[in-house]
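Colleague: I should like to go through this model with you point by point. Please reason each answer through and close on the value or name requested.

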Amino acid sequence: MKLVSTAKAFGGEQRVYRHASKATGTEMEFAVFLPREALEGFFCPTLFYLSGLTCSWEEVTMQGLPQMHAAKHGLIFVAPDTSPRGDAVPDVASYDLGQAASFYLNATQKPWSDHYRMEDYLTAELPKLLIDALPVDEDGFGITGHSMGGHGALTLAMRHPTLFHSVSAFAPITNPVLCSWGRQAFAAYLGDNEALWEAHDACALVASAGWEGGILIDQGLSDEYLEDQLKPWAFEKACRASGIDLTMRLHGGYDHYYHFVASFMADHIKWHAERLE
């Protein structure tokens with residue numbers, strides 16, 4: 001890993017690394033906050049944060065204030081990028097498909113399949129890279145995310161329960177097979193066989209794979225995407241039917257963006273710290 005930048009924050013360090021990824025065939029960047037305990041060599045639990053459409057690691061590190069709360073709990077906070085990037089990486093003009101819109105899965109369709117291998121990157125390559133280079137407790141990974149990243153957090157946790165031991169989400173896309181964002185992405189990345197899409201749909205995974213721990217979701221009620229794209233009520237119904245312990249908190253007046261995320265970041269980091277310790 002090449003250290004791109006570092007800055008002191010809350011007794012720890014906010015770093016950005018770049019490395020050559022075998023999974024995506026590109027250079028990848030990610031941000032990592034190391035609390036004081038990690039800088040002193042103590043192994044720490046680690047929380048992955050997956051960002052939403054149009055974003056990279058930068059928005060949450062600059063606007064979400066995770067460093068303050070991660071420092072309080074001695075938690076390493078990792079923010080990967082939302083997709084592979086570069087001139088050779090397929091892209092389209094639309095904000096909700098292509099670069100910065102990977103939906104955190106392994107694409108099977110051309111031209112996407114050569115580089116859009118984000119599930120492999122996030123569940124195999126990046127965890128190993130972190131374990132080899134930093135004082136990461138390999139038995140202490142949690143995952144959270146916002147919007148498309150919330151979709152990724154929920155689905156990757158249920159698809160990889162031996163890797164991720166806690167999960168939460170901010171305004172996640174919970175039923176992508178029934179929303180335009182998800183249907184467009186799944187058709188492009190996975191093909192026209194809709195039966196294959198359910199393996200990446202949180203509502204379907206609750207029924208087929210389940211989740212042994214609790215799930216925390218925060219959702220703003222003034223979110224412009226609430227009904228058409230996010231569909232939290234479908235996820236609530238699916239969890240109830242499968243006996244999943246879901247804590248869904250609804251917040252009047254909050255929209256979809258980073259003022260909302262920052263408002264509840266402390267609660268999510270505490271949630272994961274309590275479960276990963």
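Colleague: Where does Phe10 lie?

Modeller: The model is a predicted one. Strand β1 covers residues 2–9 and strand β2 covers residues 12–20. Phe10 therefore lies in the loop between β1 and β2.

Colleague: Which sign does phi of Phe10 have, and near what value is phi?

Modeller: Most residues other than glycine have a negative phi. Phe10 is not glycine, yet its phi is positive, near 50°.

Colleague: Which residues make the nonpolar surface patch of about 280 Å²?

Modeller: Patch members need over 30% relative accessible area. Phe10 is partly exposed, because its relative accessibility is 49%. Leu65, in the loop between α2 (58–63) and α3 (66–73), is partly exposed as well, at 41%. The patch is made by Phe10, Leu65 and Met68.

Colleague: Is Ala100 buried or exposed?

Modeller: Ala100 sits in the loop between β5 and α4, and its phi is positive, near 75°. Buried means under 20% relative accessible area. Ala100 has 6%, so the residue is buried.

Colleague: Which two residues does a cis peptide bond join?

Modeller: Most peptide bonds are trans. Here omega is about 0° at a bond leading to Pro111, a residue in the loop between β5 (76–80) and α4 (118–133). The cis bond joins Lys110 and Pro111.

Colleague: Which residue has its backbone oxygen 3.3 Å from a polar atom of the side chain of Thr155?

Modeller: Thr155 belongs to helix α5, residues 148–159. Thr155 counts as buried because its relative accessibility is 2%. The backbone oxygen at 3.3 Å from its side chain is that of Gly152.

Colleague: Which residues does Thr155 touch, not counting those up to four places away in sequence?

Modeller: Gly152 falls outside this question, since residues up to four places away are not counted. A contact requires heavy atoms within 4.5 Å. The residues touched by Thr155 are His200, Asp201, Ala202 and Leu205.

Colleague: What radius of gyration does the chain have?

Modeller: The C-alpha trace spans about 50 × 40 × 35 Å along its principal axes. For 277 residues, a compact globule would have a radius of gyration near 19 Å. The chain agrees with that expectation, because its radius of gyration is 17 Å.

Colleague: What share of the contacts with a separation of 6 or more comes from residues 24 or more positions apart?

Modeller: The chain has 10 helices and 9 strands, and 60% of its 277 residues count as buried. Among contacts with a separation of 6 or more, the share from residues 24 or more positions apart is 70%.

Terms used
Residues numbered from 1 in each chain as written. Predicted model: local features only at pLDDT ≥ 70, side-chain atom pairs only at ≥ 80, totals over all residues. Heavy atoms only, no water. Patch = residues over 30% accessible without salt bridge, like charges linked within 9 Å, V, L, I, M, F, W, Y side chains within 5 Å. Areas by Shrake-Rupley, 256 points an atom, 1.4 Å probe, with all protein chains shown as cover. Salt bridge = Lys/Arg side-chain N within 4 Å of Asp/Glu carboxyl O. Helix = DSSP H or I, 4+ residues; strand = E, 2+ residues; numbered from the N terminus. Buried < 20%, exposed > 50% of the residue type's maximum accessible area, 1.4 Å probe, protein only. Rg over C-alpha atoms; globule rule 2.2 N^0.38 Å. Polar contact = N/O pair within 3.5 Å; in protein donor to acceptor, adjacent residues only side chain to side chain.
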